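User: I would like to go through this model with you in some detail. Please reason briefly before each answer and finish on the value or name that I ask for.

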Amino acid sequence: MSAAATSVVEIPQAWTLLYRGKVAMACLIIAESAIFTIFLVAYLFYLGKSLTGPTPREVLETPIFFTICLLSSSITVHFAGKSLERNNRPAFLALWSLTIILGGLFLFGTGREWHRLIYEHGLTISTNLFGTTYYSLVGLHAFHVSAGLIMLTVVLICGLAGRVHDDQARRVDVLALYWHFVDAVWVVVFTVVYIVGR
Amino acid sequence: MSSNVITIQGLEVQEKPWVDTLHEWVTTVDHKRLGILYIVYALVFLLFGGIEAIVIRIQLMHSHNNFVSPQVFNRMFTMHGTTMIFFVAMPILFGFANYLVPLMIGARDMAFPRLNAFSFWLSALGGFLLYFSVVGANGLYGAGDAPDVGWWAYAPLTARAFSPGHSTDYWTLALLVSGFGSIGTAINIIATVLCLRCPGMKLSRMPLLVWLNLVMAGMVLIAITPLSAAQIMLLIDRYLGGHFFDAQAGGSAVLWMHFFWIFGHPEVYVLIIPCFAFMSEIIPVFSRKPIFGYPVMVAATVCIGFVSLSVWAHHMFTVGMNSYANSFFTITTMAVGVPTGIKIFNWIGTMWGGRIQFRTPMLFCIGFLFQFLIAGLTGIMMAAAPFDWQLSLSYFVVAHFHYVIVGGILFALFAAFYYWYPKITGRMLSERLGKWHFWLFLIGFHLTFDVMHIPGLLGMPRRIYTYEPGRGWDTLNLIVSIGAFIQAIAILVFVWNLISSYFNGAKAGNDPWDAWTLEWSTSSPPPAYNFATVPVVASRRPLWDLKHPEDPDNLYE
């Protein structure tokens, strides 16, 4: 029973396992999906159950431009990661900044819509069931966009300081995975709130 | 395997001042220390929850008792349930998972040590918030003390109008915060198992404990999160004037029930699956046989994981769902019995023909097998919707789920304590005290929870603070309460055993049980780095291979 005994067993060739960052982010995405599912179920369950107005049909406007912004930011973040892998840092920084700008635009769009709903239509989170479910669902998503933007910005600052290299590409990929998730959730939220829900 | 520990000759270790030791424990990111922190933290809350249970039982000892007021009684059962599930069972199982999973897969630590520490301190904050409500919940209204809405906190009882003050807020925040801690730990366990296994440790060679904790962690990801989401909604209702569960504005109280039980029922399996894991490690060692039907055990666990996600509404048969929903949830609930039955069959198959050693861990395992079977049978009874209509919200239900949680989960935990305490502390727990603990607890358990079924069948509702004489419940309740006291004495024996053996127990050595998994190959307690050289494994029982190089397991797997 010594180290000699352990070496009876041959070390298997090429013992590589998954990257822990990717696995953890995948798990986080599963957990977050469950949270979003519950909020989506609540939204769908309460459709048309509000006792007072305003209703979604009366006040919601489809944010097509800002949706395009968010969805294209998925593409830019993907190519930013690819550029980093090839150690093309100027391209990485440019595409990464573009991602932040597109995400920021989307957040601005949400803010503008909320401003319009609150000041023009008097719809707040406590107005009716639609207000409660709408603001919490879209707000939950906006919260995730904000968290993503903060993390993206931290990477950008590090990048501008010259600290991000190609050997960190897989870490950047983990963040990109989160960003793709935020986009994918928006596709579902968009479908439920602006297409099915009206 | 003395070579698995590095010794430095001539190095003098000086006693550290206690402040330094404390600082080390508070700032630690070591999975073993965090595991111990989880376990000790849970044991403290076990005493709190136990005292609450004793208060409940004193109050119900005879009819028209006024040991505590109805208000205090409400707080007691709310705090008892919440504490036992969220701040005893969850952290203690996470503690064992934290401690054992990296050791069993030959890893240095968890995948994310700092996330691990963060998760623990989140859970700790949750428990602190819950109990801080006792002094902090009065708020501006001067109403409410500890939370008193029941552990499932049905709407609209939790609305501002019916729960003024802040006790419900403390309850919500405690569960939300500890829920985030649980999600962090679950992510960590999955990443550790998938990414840090030592060379040769294929998925098909992982110890069953690791497999089952992997399934448990996966379930935490999708079962705890609905509760977190529902708590956020409740906070929106209470603080921002939302209407999620506000029937006055068209909101639905039943939706809360669904959200709560979508969490609540898988939660039972989140708790019991790690206990299955303990069984699957301990029974083979004390039967001197490898586990019977390893792949089937894994498959059955995954199967339980999936099916248990679709059974939640059997808690809601009395709400008045349509017949299709009733039938669906009856069928799925009964279906869970199949993979669970397979497991019990396999454990018995492992014992069959083995040379069984009746040490204390094995005694608790055998207790588990019988009691969990009975708990499963009453579960099947209540899965039938018409039967449930009769007995829902009665003491029969209370007896059933305590049979699962005490007779199953707690017995498995005691087995785990007796089995791994030597590894964690380097000392054996006393067998003599262990046997006292086992027999006292067994007698107390059966007095309490066997008898408790009967007042339930006679119609005694749960959560009543007292009852009329002459209903035939008095004697039965007295017996139930006496059993509770015997269990309390057994717990004190256990705690005394933990403390006295820590100082005076026999030295354990690396491998006191002649076991087969990797944690027994390093010293007791293991060094901070776990293994001096990364182990390499070729079968499910690496230590068997080491001890029997002439007949290694990998020839047969």
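User: Among contacts in chain A between residues at least 6 apart in sequence, what percentage join residues at least 24 apart?

Analyst: This is a predicted model, in which local features need pLDDT of at least 70, side-chain atom pairs count only at pLDDT 80 or more, and totals for chains, interfaces and linings use all residues. Residues are numbered from 1 along each chain as its sequence is written, while chains are lettered from A and ligands numbered from 1 in the order in which they are written. Two residues are in contact if their C-beta atoms, placed from the backbone, lie within 7 Å. Of the contacts in chain A between residues at least 6 apart in sequence, the share joining residues at least 24 apart is 83%.

User: How many helices does chain A have?

Analyst: Helices (H or I, at least four residues) and strands (E, at least two) are DSSP runs, numbered from the N terminus. Read along the sequence, chain A follows the pattern α-α-α-α-α-α-α. With zero strands, chain A has a helix count of seven.

User: What is the radius of gyration of chain A?

Analyst: The C-alpha trace of chain A spans about 75 × 45 × 20 Å along its principal axes. The radius of gyration is taken over C-alpha atoms, and the globule rule is 2.2 Å times the number of residues to the power 0.38. A compact globule of 198 residues would come out near 16 Å, but the value for chain A is 22 Å.

User: Where in chain A is confidence lowest?

Analyst: On the pLDDT scale, which is the predictor's confidence in each residue from 0 to 100, chain A averages 92, and 94% of the residues score at least 70. Confidence in chain A is highest in helix 2 (residues 20-45), at 97, and lowest, at a mean of 43, in helix 1 (residues 3-6) of chain A.

User: Which helices do the buried residues of helix 5 of chain A pack against?

Analyst: The 33 residues of helix 5 (residues 89-121) of chain A should span 48 Å (1.5 Å times one less than the number of residues), and its end C-alpha atoms are 47 Å apart, which agrees. A residue is buried if 20 or more other C-beta atoms lie within 10 Å of its own, exposed if 12 or fewer, and partly exposed in between, with C-beta atoms placed from the backbone; the buried residues of this helix include A:F92, A:W96 and A:F106. They pack against helix 3 (56-59), helix 4 (64-85) and helix 6 (129-160) of chain A.

User: Which helix of chain B gives the largest share of the side that touches chain A?

Analyst: In the model, 40 residues of chain B are in contact with 35 residues of chain A. The elements giving two or more residues to this side of chain B are helix 5 (167-195), helix 6 (208-239), helix 7 (253-287) and helix 15 (542-547) of chain B. The largest share, nine residues, comes from helix 6 of chain B.

User: Why does B:L100 count as buried?

Analyst: B:L100 has its place in helix 3 (residues 70-104) of chain B. Leaving aside neighbours within four places in sequence, B:L100 is in contact with B:L209, B:W420 and B:E519. B:L100 counts as buried because its C-beta neighbours inside 10 Å number 28.

User: Which helices do the buried residues of helix 14 of chain B pack against?

Analyst: Helix 14 (residues 474-504) of chain B has 31 residues and reaches 44 Å from its first C-alpha to its last, close to the 45 Å expected at 1.5 Å a residue. Its buried residues, among them B:N477, B:Q487 and B:F494, pack against helix 2 (31-59) and helix 13 (431-457) of chain B.
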